[in-house]
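Good morning, everyone. Please have a look at the structure on the screen, and I will walk you through a few of its features.

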Amino acid sequence: MSKEIRLGIIMNGVTGRMGMNQHLIRSIVAIRKDGGVVLSDGRRVMPDPILVGRDKDKLARLAKTYGIERFTTDLDAALKNKDDTLFFDAATTQMRASLLKKAMAAGKDIYCEKPTAETLAVAMDLVKAAKKCGIKHGVVQDKLFLPGLQKIKMLVDSGFFGDILSVRGEFGYWVFEGDWQAAQRPSWNYRLKEGGGIILDMLCHWRYVLDNLFGEVQSVSCLGATHIPKRWDEKGKAYKADADDAAYATFQLAGGVIVQINSSWTTRVRRDDLVTFHVDGTLGSAVAGLTKCYTQARVNTPKPVWNPDIPQTIDFFQTWQEVPDNTVYPNGFRAQWEMFIRHLVEDAPFKWTLLEGAKGVQLAEAGLKSWKERRWIDLAPLKV
């Protein structure tokens with residue numbers, strides 16, 4: 001029995017920020033450097049990527065820097081290679097559905113970024129196409145693997161919270177307009193015609209976070225806004241920013257949990273991290289960021305009294321206790337890559353399929369509809 005199994009991966013969209021940093025460098029390159037993904041029987045799966053994109057020079061530089069032998073600008077030719085069995089996409093949302101269907105038609109298994117599509121109808125069409133083709137498929141759900149949220153999950157599983165009452169989330173930071181300082185996000189994020197908008201982007205994330213940690217999302221009320229109507233692109237040219245750059249959403253979950261999440265690229269951070277989740281329960285509360293998590297049990301909760309006539313005597317930040325790092329938390333993108341590779345090769349469990357991706361699109365679509373119609377939108381169960 002061979003101790004190493006080759007996995008040929010067609011990696012599309014790796015010259016972009018997310019595709020390059022998280023998926024190529026911190027996942028596939030790191031896995032290769034460490035000798036591959038170890039299976040349950042001790043064998044190792046070695047990813048053998050071919051980098052695909054439109055800019056040949058960028059691809060060549062990436063390949064040379066990270067010791068990758070293959071790259072191409074011809075996706076159709078790459079899909080014809082029967083030795084490469086997995087297609088990965090981290091390019092634009094607008095192109096994703098058509099590329100995934102093309103790869104499925106070529107018999108490739110699928111792993112991709114989210115959103116899987118711009119509309120629920122197209123996202124569900126992908127689910128049906130994958131079932132018809134009989135391929136394996138997965139969607140990136142990276143925030144579930146954040147150390148902070150892993151600690152929240154441990155608290156949930158341990159019963160620390162008692163009955164969970166509510167969750168409050170704050171996500172975002174100030175994305176510079178591009179005139180005084182270069183923007184730290186690509187300009188397409190702020191153009192509707194290019195698939196931009198924070199509701200489509202972030203509500204896909206919040207769906208899988210809420211579903212997996214606190215209860216399935218049943219309804220949403222969302223208000224979007226385009227706070228900054230004018231921005232400057234990568235070449236310094238002014239453009240109309242017509243996509244939503246902030247979203248203020250309330251969710252009702254199965255079991256009665258109420259969730260409020262603000263998502264904004266137009267807020268200046270004065271909190272523990274770029275994203276924080278505050279969970280309140282009958283027996284305790286917790287606040288988690290990307291990596292750290294702090295708790296306050298019922299028995300340790302201070303007893304403040306409202307008195308606006310004197311300065312507050314309690315330092316509330318000092319009344320919380322940090323959850324220790326008793327576990328090593330790997331890069332979340334890499335962790336999910338390894339899980340999916342094991343699913344491909346030895347059929348290990350993997351729940352984050354195209355159907356889970358479609359649930360995220362469903363919530364984003366419902367959020368946009370709620371904003372437009374100024375009302376609550378209920379989410380129906382998705383059926384294949």
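Let me start with a bend. Helix H1 bends by about 40° at Leu24. The bend at a residue is the angle between axes fitted to the seven residues ending there and the seven starting there. Helices (H or I, at least four residues) and strands (E, at least two) are DSSP runs, numbered from the N terminus.

A word on the source. This is a predicted model, where local features need pLDDT of at least 70, side-chain atom pairs count only at pLDDT 80 or more, and totals for chains, interfaces and linings use all residues. Residues are numbered from 1 along each chain as its sequence is written, and side-chain values use heavy atoms, with hydrogens and water left out.

Back to H1. It covers residues 17–33, which is 17 residues. Its end C-alpha atoms are only 21 Å apart, while a straight helix would reach 24 Å at 1.5 Å a residue. The expected span is 1.5 Å times one less than the number of residues.

Which residues of H1 are buried? Among them are Gly19, Leu24, Ile28 and Ile31. Buried means under 20% relative accessible area, exposed over 50%, and partly exposed in between (1.4 Å probe, protein chains only). The buried residues of H1 pack against several elements, including strand S1 (4–12), helix H2 (56–65) and helix H8 (332–346). Just after H1, Gly35 takes a positive phi of about 90°.

Now helix H9, residues 354–373. Its 20 residues should span 28 Å at 1.5 Å a residue, and its end C-alpha atoms are 28 Å apart, which agrees.

After H9 comes Arg374, in the loop between H9 and S18. Its phi is near 55°, a positive value in a residue other than glycine. Most residues other than glycine have a negative phi, and most peptide bonds are trans. Is Arg374 buried or exposed? Arg374 is exposed, because its relative accessible area is 71%.

Asp347 also has a positive phi, near 60°. Asp347 lies in the loop between H8 and H9. At 54% relative accessibility, Asp347 counts as exposed.

One peptide bond to note: Lys114 and Pro115 are joined by a cis bond, with omega about 0°. Pro115 is in the loop between strand S6 (109–112) and helix H5 (120–133).

Next, strands. Strand S9 (residues 217–225) runs antiparallel to strand S12 (residues 246–253), and 8 bridges join them. Two strands pair if DSSP finds at least two bridges between them. Cys222 has Ala249 in S12 as its bridge partner. S9 also runs antiparallel to strand S18 (residues 377–378), with 2 bridges. There, Val220 stands opposite Ile377.

How many disulfides are there? A search of the whole structure finds 0. A disulfide here is a pair of cysteine sulfur atoms within 2.5 Å. Cys222 is in none, and the nearest cysteine sulfur, that of Cys204, is 12 Å away. Cys222 is buried, at 4% relative accessible area. Why is Cys112 not bonded to Cys204? Because the sulfur of Cys204, the closest cysteine sulfur, is 11 Å away, too far for a bond. Cys112 is buried too, at 0% relative accessibility.

Finally, the whole chain. It has 9 helices and 18 strands. Of its 384 residues, 50% count as buried. Its C-alpha atoms fill a box of roughly 75 × 55 × 40 Å, along the principal axes.

Note on methods: Contact means heavy atoms within 4.5 Å.
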